[in-house]
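User: Please take a close look at one chain of this model and explain, step by step, how it is built and how it meets its partner.

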Amino acid sequence: MIMEMLYIAVMRFLYSVPILVVAIFSAHLISTFISRERVESFLRKTERNILGASLIGLVTPGPLAPYLPLLRVLKKRGLSLSVVAAFITSQTLVGPMRAFLEVDFFGVPFFALRVVISFLTALGVGAFYHAFGNHIGLDVSATSKEEEDK
Amino acid sequence: MVEKSRAVRKAKEICKNSIRDMRTIFPAFFVATLISVMLDFFIPEELVYAVLGENPVLSIVLATVLGIILPIPRYATYPIALSLLQKGATIGTIFALISGEVIIGSPDRDVMEFSYFGWKSFVLRGTLCTIFVIIGSLIVEAIL
């Protein structure tokens with residue numbers, strides 16, 4: 001039985017390899033167009049814009065960890081914490097690589113619905129974060145560096 | 001000429017990074033595939049249906065919590081989720097499992113988020129995200 005299980009697992013894995021390869025290459029190809037610098041410039045323009053941050057998060061490829069130091073710097077320069085929360089939420093929920101795998105495993109309607117709901121989730125997290133953050137001692141307001149200096 | 005060499009350099013970088021990712025993703029994906037086959041062999045359909053299919057609301061909450069606490073690597077959720085779906089789990093439950101899996105990510109990411117923005121921010125975002133994932137999964141359950 002163990003051999004049978006291994007055989008089935010290997011066959012299923014081999015069946016998934018092409019889509020995995022396409023997904024990984026596509027994610028890296030997209031990341032050359034949506035570079036960290038480009039994400040930074042977009043986020044700079046969305047100091048208080050939860051909607052914009054959620055949209056940027058949806059199309060930003062790769063893991064979140066490389067973007068966290070950038071978010072920290074932008075937060076110090078005035079990016080609202082609720083925008084940071086919206087970006088983190090949408091960036092982690094959806095990604096270009098997930099698109100290929102999800103469509104392959106569960107079909108287009110499932111993936112389309114997941115993108116829409118993830119976007120709404122990020123919006124909701126950002127908005128509620130903004131509403132509740134102040135009550136638990138978080139400074140969610142966007143303050144520019146000039147305001148801070150004053 | 002300069003443009004061409006830049007394009008070649010970029011292509012090489014894409015290949016190098018992709019191969020580096022494959023080295024980590026492929027083993028995790030194979031293990032997840034093996035787990036999904038084991039689920040097929042050892043877990044009866046009735047059990048999966050009773051836990052993750054009979055009561056959609058409870059199933060969705062349970063799947064979200066499982067997604068958060070289980071240390072499933074990124075992308076490795078899919079084979080397991082597909083296996084559960086074929087065994088009788090509802091589509092909303094699968095949505096909750098996949099979405100819940102990313103609420104708490106890898107330890108390095110969580111430690112960074114925790115130290116950069118504070119524990120209050122981390123907990124508030126995680127809580128809100130969990131609530132919205134549960135609501136979203138119920139919507140998926142109703143639509144699909």
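Analyst: Before counting anything, it helps to know that helices, of at least four residues, and strands, of at least two, are taken as DSSP runs and numbered from the N terminus. In this predicted model, chain B has seven helices and zero strands, and reading along its sequence therefore gives the pattern α-α-α-α-α-α-α, with helices defined as DSSP runs.

The overall form of chain B can be described by its extent, since the C-alpha trace spans about 65 × 40 × 30 Å along its principal axes. A compact globule of 144 residues would have a radius of gyration near 15 Å, whereas the value for chain B is 19 Å. Of the 144 residues in chain B, 38% count as buried. If we take the contacts in chain B between residues at least 6 apart in sequence, 84% of them join residues at least 24 apart.

Turning to the partner, 41 residues of chain B are in contact with 42 residues of chain A. On the side of chain B that touches chain A, the elements giving two or more residues are α1 (2–42), α4 (77–87), α5 (91–101), α6 (107–117) and α7 (119–143) of chain B. Among these contributors, α1(B) supplies the largest share, namely 14 residues. Sorted by class, this side of chain B that touches chain A consists of 27 nonpolar, seven polar and seven charged residues.

Terms used:
Residues numbered from 1 in each chain as written. Chains lettered and ligands numbered in written order. Predicted model: local features only at pLDDT ≥ 70, side-chain atom pairs only at ≥ 80, totals over all residues. Contact = placed C-beta atoms within 7 Å. Nonpolar A, V, L, I, M, F, W, Y, C, P; charged D, E, K, R; others polar. Rg over C-alpha atoms; globule rule 2.2 N^0.38 Å. Buried ≥ 20, exposed ≤ 12 C-beta atoms within 10 Å, placed from the backbone.
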